[in-house]
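Colleague: I am new to this model. Please pick one part, look at it closely, and then work outward from there to the rest of the chain.

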Amino acid sequence: MAPSTRLFFTMAMLLFSFFFSSASSQSFIGVNYGQVADNLPPPSATIQLLRSTTVGKIRLYGADPAILRALAGTQISAVIGAANGEIPSLASDPSAASRWVASNVLPFLPSTSISSISVGNEALSFGDPSVASQLLPAMQNLRSALIASSTPSAASIKVTSVHSMAVLAQSEPPSAGAFHSDIAPTLKGILDFLNKTGSPFMINPYPFFAYRSDPRPETLAFCLFQSNPGRFDAGSKITYTNMFDAQVDAIHSALNSAGFPGIEIVVAETGWPYRGDANEVGTNVDNARAFNGNLIAHLRSMVGTPLMPGKSVETYIFALYDEDLKPGPTSERSFGLFRPDLTMTYDAGLMTKAPAAPAVAAGGWCVPKEGATEEELQANLDFACGQQGVDCLPIQPGGACFEPNTVKSHAAYAMNQLFQVAGRNSWNCDFRQSAILTSQNPSYDGCVFPGSGS
Ligand SMILES: *[C@@H]1O[C@H](CO)[C@@H](O)[C@H](O)[C@H]1NC(C)=O
């Protein structure tokens, strides 16, 4: 190939891989999976639904074991949460933190990808100063417990906390963003911890609430990413064209002036209700579709914000489903992107394809992929044998499947067992891409692999 042809070829490959990767789940688009409801579909159905969308991440308010198990083997990662009520004991007792990690994190690793633990929800503006002062020690104890667990995939989990926009004393213009001086000392310790551990600052910006307190038509257009005159920031000489960028940049400015410009910002919640009470301005399907649809398109464009160009802020949309048991005005129960029957409330542009066919339950067996490493297979083996319903006795000495006594052979047996008991969905045979489905019965001699031909 002539050099220019080769260059062209390389560029084409780069472009191809860019489009290819952006066609599937996108690492910066997440959803909040709240469960204050009595009508939600089972976690397995929900995870199957998410696999037909571009959602690559979910955030839980707790650490529901059924959801974390359903995520096993998928490419979807989870933020899990410790509740505000758990902060005092996590802060005062390192063994409480170890127990928290042992029951909410370790059983699901490494098959489920847990990206971070969020300690408390809006704890600094929770109204209880003692909780605020205990937030940092709780985060420190959890981080120590993760490291002390000597589980490699646990030590890389980030420990952070989610804050409301109320931590800002000023948010307009964005260049003047600054934290409240009364929480500054508490916040300083937390920011120091986040900066040292490479953990993100999580924030809940809601353009919806900004519109509610200033319900003019031009504010609505600014909040919905629709055409509007823009807002000029005299400090930075930037004209902002949407509220989301303005709010995120206000946080960036606040971090900057607190001395921590390098801390990554993650949007833990943002969203728009599709219905509300008669006196709730702007709550309708058109606005919700405009906000979430335009937000998703904005994130996908990778333009970033004016102060953080060229990169999309990791964003968790609120919310996956309505939470029908939440108190307050109707809008509080009306943020759901999907209905309990798994249909879309409205099309926000999240689907990559038609919803996946119902659980395949194809026949077949799940076995290691050619080229899977010994470490991967050992991890699969350990994980699978630790799961409910998986019987690893046959691969113990004297068992019918003990010979050949190799990690690969034992892992194959255990992985297939897990695939069978997990419901035989194709994604139950992923094991982070170290497994493959086969229609060839791997049973041999007296060793029977459960399963059936299709
Ligand atoms: C934040 O972390 C970076 C990278 O580790 C370091 O260079 C910087 O000094 C830290 N900033 C503060 C204010 O501690």
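Modeller: One definition is needed before starting: two residues are in contact if their C-beta atoms, placed from the backbone, lie within 7 Å. The model is predicted.

The part I have picked is helix α5, which spans residues 94-104. Which of its residues are buried? They are Ala97, Trp100, Val101 and Asn104. To count as buried, a residue needs 20 or more other C-beta atoms within 10 Å of its own. These four residues lie on the same side of α5, because the arc they cover around the axis is only 95 degrees. An α-helix has 3.6 residues a turn, so residues three or four places apart point the same way. The other side of α5 carries the exposed residues Ser95, Ala102 and Ser103. A residue is called exposed if 12 or fewer other C-beta atoms lie within 10 Å of its own.

What do the buried residues of α5 pack against? Their partners are one strand, β3 (77-82), and the helices α4 (87-92), α6 (129-148) and α7 (152-155).

The exposed side of α5 gives a link to another helix. Ser103 is exposed, and its C-alpha is 9.2 Å from that of Pro65, although 38 residues separate Ser103 and Pro65 in sequence. Pro65 belongs to helix α3, residues 65-70. Pro65 counts as partly exposed because it has 14 C-beta neighbours inside 10 Å.

From here the view can widen to the interior. In soluble globular proteins, nonpolar side chains tend to be buried together. In this model the largest nonpolar core has 97 residues, and the ones with the most contacts inside it are Val31, Val119, Leu135, Leu142 and Cys223. Beyond its neighbours within four places in sequence, Val31 is in contact with Val55, Ile58, Tyr316, Ile317, Ala319, Leu320 and Leu337. Another core lies apart from the largest one; it has 24 residues, among them Ala372, Phe383, Ala411 and Tyr413.

Ala319, one of the contacts of Val31, also has an unusual backbone link. Most residues other than glycine have a negative phi, and most peptide bonds are trans. The bond that joins Phe318 and Ala319 is cis, with omega about 10 degrees. Ala319 sits in the loop between β14 (315-317) and β15 (365-368). That loop also holds Leu342, which is not a glycine and yet has a positive phi of about 75 degrees. Leu342 is partly exposed, because 14 C-beta neighbours lie inside 10 Å.

Another cis peptide bond runs from Glu172 to Pro173, where omega is near -10 degrees. Pro173 is in the loop between β6 (168-170) and β7 (178-179). A positive phi is also found at Lys237, near 65 degrees, in the loop between β9 (231-233) and β10 (238-240). Lys237 is exposed because it has 8 other C-beta atoms within 10 Å.

The next step is the division of the chain. Domain 1 covers 15-333 and domain 2 covers 365-438. Their C-alpha centres are 35 Å apart. Where the domains meet, 8 residues of domain 1 are in contact with 10 residues of domain 2. On the domain 1 side of this meeting, 2 of the residues are nonpolar, 5 are polar and 1 is charged.

Val367 offers a closer view of strand β15, where it lies. Is Val367 buried or exposed? Val367 is buried, because 23 other C-beta atoms lie within 10 Å. Its contacts outside the four nearest places in sequence on each side are Ala412, Met415, Asn416, Ala435, Ile436, Thr438 and Pro442. Its C-alpha is also 8.7 Å from that of Ser434, which is 67 residues away along the chain.

The last stop is the ligand. Around the ligand are Asn195, Gly259, Phe260 and Gly262. This shell has 1 nonpolar residue, 3 polar residues and no charged ones.

Notes
Residues are numbered from 1 along each chain as its sequence is written. This is a predicted model: local features need pLDDT of at least 70, side-chain atom pairs count only at pLDDT 80 or more; totals for chains, interfaces and linings use all residues. Domain bounds come from an automatic or database domain assignment. Ala, Val, Leu, Ile, Met, Phe, Trp, Tyr, Cys and Pro count as nonpolar, Asp, Glu, Lys and Arg as charged, and the others, Gly among them, as polar. A residue is near a molecule or strand if its C-beta atom, placed from the backbone, lies within 6 Å of it. Helices (H or I, at least four residues) and strands (E, at least two) are DSSP runs, numbered from the N terminus. The arc is that of the directions from the helix axis to the C-beta atoms. A nonpolar core is a set of buried Ala, Val, Leu, Ile, Met, Phe, Trp, Tyr and Cys residues joined through C-beta atoms within 7 Å.
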